[in-house]
Amino acid sequence: AGRLDLRDWQMVTIDGEDAKDLDDAVSLTMENGNYKLGVHIADVTNYVQEKSALDREALKRGTSVYLVDRVIPMLPHTLSNGICSLNAGENRLALSCIMTVTPKGDVIDHQIAETVIRVDERMSYTSVAKILETQDEAERDKYRTLVPMFEQMAELSHIIREHRKQRGSIDFDFPETKIVLDENGRPIDIKPYERNTATKMIEDFMLLANETVAEEYFWRELPFLYRTHETPDDEKIKKLSTLINNFGYHIHVGNGVRPMEVQKLLGKAEGTPEEALIDRLALRSMKQAKYSPENTGHFGLAAKYYTHFTSPIRRYPDLQIHRIIKDNLRGRMNESKIEHYQSILPEVAKRSSEMERRADEAERETIKLKKVEYMQAHIGEEFDGVISGITKWGMYVELPNTIEGLVHVTNMTDDHYEYKEERYEMIGMHTRKVYKLGEALRVQVLDADRLMRTIDFKIVNQGGAGDGEE
């Protein structure tokens, strides 16, 4: 009762093949020449009441953790994969952000409402990409009633992305790692997992909903949680500037860098041999994003207002702001409620940021572990890679499948090598042989240590020309 009934709206969820906690559905129609985009988010707070045992445990966990072979959910499976998950064909409670977007990409109107929805189809990124990118006939036929909507979505996604780009939003396009395990949890294949039209589309729609919600609640002057990303330190940008000068790139230094500068730099490096390296150096000069009750804007997205609203099944901050939104929608946001939220939000922000760090670290470590296990079966084999990092103890080399290993200086036996920090180079003292970031190398796997989670390489056919040219 009292909810907006959207069960007759055409809508879908689009996720990875193996996702079970579906917290966002999307819908799109045209109205007077504008796009009417609906982002429908599972209404988790309906089932997780504040201060309940469920809520306390969720706050303690802060986030779901996605390890290589399992998910450690923030909420019990019956909720996260069951009643809260927007499973196709089921009636589900949602919190919807319905936006009117012009063909130029401006959101001219929006409505946030408690709704009831029924998803038509559970789509996967792969399937939607087949429909849109390769125009796969079988796929298009199978989902023919949805194809027109997907095509409009692709159109809108492009508009939103361009709009973001124009204001300076930075898009780091790193390939993620996809690890395929056998039934005993052993890695049998490791490959880069690229973003496609469909993953970018969902990303664009979620970003837009997050900004729209953040902006409304900022102007309502109600207590709220924002996702903030500060401007990088001048020191770090100076260092970045020095490093990229070696590659003939420039970035304007002095009284605060603008996102547009970083975006232009990445644009210039695109398609060059040093692209991955420049991306990495730029990313390292950035601060980490965090949650905060104060809205200080998001540098990386070049957004004045940003929050996390779209994943309440797997992130506590989203769940927290859903409560605030619902109290406001139901006219329950009185003085004592405002005071209550003001008093708890700093701690919620701090806890959520800490748990997010911890989860990220655990995810990275398990990926590292599986990479080492994978390489244990390939000791003695040779691979082509590029130098992805140089330190005084050696050079990191990354293979096309995203695995990274170290060529330790003690294994560089053809000379005594010195590390030139200001240029990120290794120089042979006698031969004057130079190794630079981004350079291609052929390496042999020496060792893979599960306990230390390290992989050791040595360079194949070292020696040769003295000027660093192979």
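Q: Are α1 and α11 parallel, antiparallel, perpendicular or oblique to each other?
A: Happy to walk through this one; keep in mind that the model is predicted. The axes of helix α1 (residues 53-61) and helix α11 (residues 335-376) come within 8 Å and cross at roughly 55°. Angles under 35 degrees would count as roughly parallel, and 65 to 115 as roughly perpendicular. The crossing fits neither range, so the relation of α1 to α11 is oblique.

Q: Which residues in α11 do Leu59, Lys60 and Arg61 in α1 meet?
A: Good one to check on the structure above. The residues of the contact of α1 with α11 divide into 3 nonpolar, no polar and 3 charged. On the α11 side, Leu59, Lys60 and Arg61 of α1 meet Val348, Arg351 and Met355.

Q: Is Thr212 buried or exposed?
A: Let's place the residue first: Thr212 sits in helix α6 (residues 197-219). Leaving out residues up to four places away in sequence, Thr212 touches Cys97, Met99, Val107 and His110. Buried means under 20% relative accessible area. Thr212 has 9% relative accessibility, so this residue counts as buried.

Q: What is the strand order of the closed barrel?
A: The barrel has 5 strands, with mixed pairing. From one strand to the next, the twist averages 50°. Going round, the order is β14-β15-β16-β21-β20.

Q: Which residue in β21 stands opposite Asp449?
A: Here we can look at one pair of strands in that barrel. Strand β20 (residues 440-449) pairs with strand β21 (residues 454-459) in the antiparallel sense, over 6 bridges. Opposite Asp449, in β21, stands Thr454.

Definitions and conventions:
Residues numbered from 1 in each chain as written. Predicted model: local features only at pLDDT ≥ 70, side-chain atom pairs only at ≥ 80, totals over all residues. Heavy atoms only, no water. Pairing = 2+ DSSP bridges. Helix = DSSP H or I, 4+ residues; strand = E, 2+ residues; numbered from the N terminus. Axes fitted to C-alpha atoms, helices over the stretch in contact; angles between N-to-C directions. Parallel < 35°, antiparallel > 145°, perpendicular 65-115°, else oblique. Contact = heavy atoms within 4.5 Å. Nonpolar A, V, L, I, M, F, W, Y, C, P; charged D, E, K, R; others polar. Buried < 20%, exposed > 50% of the residue type's maximum accessible area, 1.4 Å probe, protein only.
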